[in-house]
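Reader: I have a model open and don't know my way around it. Can we go through it bit by bit?
Author: Fine, put it up.

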Amino acid sequence: MGLDYKLVLWNKHKKNYDKLIALGMVLYLIVFFVLSLVTNAEMTAETIIIRAFGSLAIILLHLILVIGPLTRLNPNYLPILYNRRHLGVSMFLAALIHGVFSTINFHTLGSKNPIESIFTSNMDYGSLTNFPFQVLGFLALLILFVMASTSHDFFLKNLSPKIWKRLHMLVYLAYSLIVLHVFLGAFQQETSPFAIGVLCLGFVLITGLHLTAAFKEGKIDSFKASKDSDGWLEVCTTGEIEESRAKIFTVEGERIAVFKNEGKLSAIHNVCKHQGGPLGEGKIVDGCITCPWHGYQYLPHNGQSPPPFTEKVKTYQLKVVNGFVYVNPNAYEEGTEVTPISC
Amino acid sequence: METVINIFIIALGLYFGLGLLFGLYFLFAGATTIDPLMKESKKVVRLLLLPGTIATWPFLIGKLFQSKKV
Amino acid sequence: MIAKQRKAHKLVWLLMAVVVPILLFFAIKDLDFAANIKATETTEQFKVELVKDRTILITLSKPLPSSSSVLYEIDAAGKLGKVMGQLQGKGTYEFQVSEAASGIAIVDKIKNENIYTTTF
């Protein structure tokens, strides 16, 4: 949120996060360099750089990919999601250094254009065991470039959140390409069962977490509430919602969040306009519903961001009968005022 | 296969080349018409946005035309 | 996220959970885990590989001792033909040989010595 675009949106929390990322990366690189020199003194600097940055990028990518499902399984992990964007850009930079050094080392010395050389030095495209692994790395790097370069609110807004999210879902393709790149490349030269095991374990962990989270969320989506004679849905009792918090319900395939603010109930669409964060998992801070992902704020009674901001979400009508909360499944237009009801 | 690779590399080069031309126009002129937040944005910010514009220009060009029609 | 995106995520991961392990299996099924890595490392200064479509890969593990190392094509008559390039520092060099070539040669032009010759 802002009145113009900033180079990087930083606050104290994000700065600490970034310092931690930078420190972790530098430490890893130092340890990698020292260990490589100790175990194999003949290794050239270029080789160490290629391996150090390549492996760093893979570790960061694993970290990035587990954050999403972890936060869906346990909200305590939300602080690491908060600045995942910077982790993503750092990962791209590590992968880029790996890619540039590899290209210089293996593909610039001949008479061929280096990019062409990446594609033609191994023409075994029909083989599953000897597929040209550099091509996979190159394509993954292209995807990571698109993602890292659009990691700014300007693109979220101007590409539309839908297209932006689709582009950024390409990370799963990039991850698959990268795992194959390592299996067909590095693992062919250095046949280490340990390294292969670690990467397999990483794959099982990431896939397992994503699927667990997906099945858990699927259950919430298939929640069917009972209807009263007016077609309103009974969702819970008034006591089930804590003060300044919400409960999330699925109404006609859409998730809505029912918030309690100063003892009164309001319902809004659960999806934040910024990056689709789950508003109902956030708290009311200073009278505003605050998205747990990046802190975008909305007023409970009209779903509008407080001025000067302009984000708006749909609102819903509520009623309380005998201590039960009912929701009218027909949403109001985004930003429509609905008087909060006492319970 | 060689031909496919050559076409792919040329297409990639063209895509990025056109993206660069469009990006320079878009960030320093076009974007201001569709995004009011760009008006106040500094030059360094526009440069930071350049790689992303090069990467996604076909989406942005569509948006620019749509806004001009309206 | 909205319900559609959640569904898309679920489908993508179900697909990946099936496809990626199969591809990974094929990638490493021929690997020899018992092989000693050090022993396979070449002690020669360079390695020449002819890959498909008349592409030649030359890997120098150390710079060649010769002061100039020029790579030539050997023509059909067995004589030195077109100059393809120079080998300098260590690294992997890639060259494309013409249809007419019958081999390649690395020649030290300053000493006028033949360092390496191979015919296909």
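Reader: What is the strand order in the open sheet of 4 strands?
Author: The order is β1-β2-β11-β10 in chain A, and the pairing is antiparallel. Strands here are DSSP runs of E with at least two residues, helices are runs of H or I with at least four, and both are numbered from the N terminus. Two strands pair if DSSP finds at least two bridges between them.

Reader: Which strands stand at the edges?
Author: β1 (226-227) and β10 (318-321) of chain A; each has a single partner strand, so one side of each has no neighbour in the sheet.

Reader: How many bridges join β1(A) to β2?
Author: β1(A) and β2 (residues 233-237) of chain A are joined by 2 bridges. A:Ser226 has A:Glu234 in β2(A) as its bridge partner.

Reader: Before I go on, what are the ground rules?
Author: The model is predicted: local features need pLDDT of at least 70, side-chain atom pairs count only at pLDDT 80 or more, and totals for chains, interfaces and linings use all residues. Residues are numbered from 1 along each chain as its sequence is written, chains are lettered from A and ligands numbered from 1 in the order in which they are written, and side-chain values use heavy atoms, without hydrogens and water.

Reader: Now the two chains. How many residues does the contact take from each?
Author: Chain B gives 30 residues and chain A gives 28, with contact meaning heavy atoms within 4.5 Å.

Reader: Any salt bridge there, and which side chains meet in it?
Author: The count between the chains is 1. A:Lys157 and B:Asp35 meet at 2.9 Å, N to O; the term covers a side-chain nitrogen of Lys or Arg within 4 Å of a carboxyl oxygen of Asp or Glu.

Reader: Which elements of chain B give two or more residues to that side?
Author: α1 (2-34) and α2 (43-69) of chain B. α2(B) gives the most, with 12 residues.

Reader: How many helices and strands are there in chain B?
Author: Chain B has 2 helices and 0 strands. Its C-alpha trace spans about 50 × 30 × 15 Å along the principal axes.

Reader: Back to chain A. Which residues does the cis peptide bond join?
Author: A:Pro307 and A:Pro308, with omega about 5°. A:Pro308 lies in the loop between β8 (297-298) and β9 (315-316) of chain A.

Reader: And what is the phi of A:Glu262?
Author: A:Glu262 has a positive phi of about 50°, although it is not a glycine. Most residues other than glycine have a negative phi, and most peptide bonds are trans.
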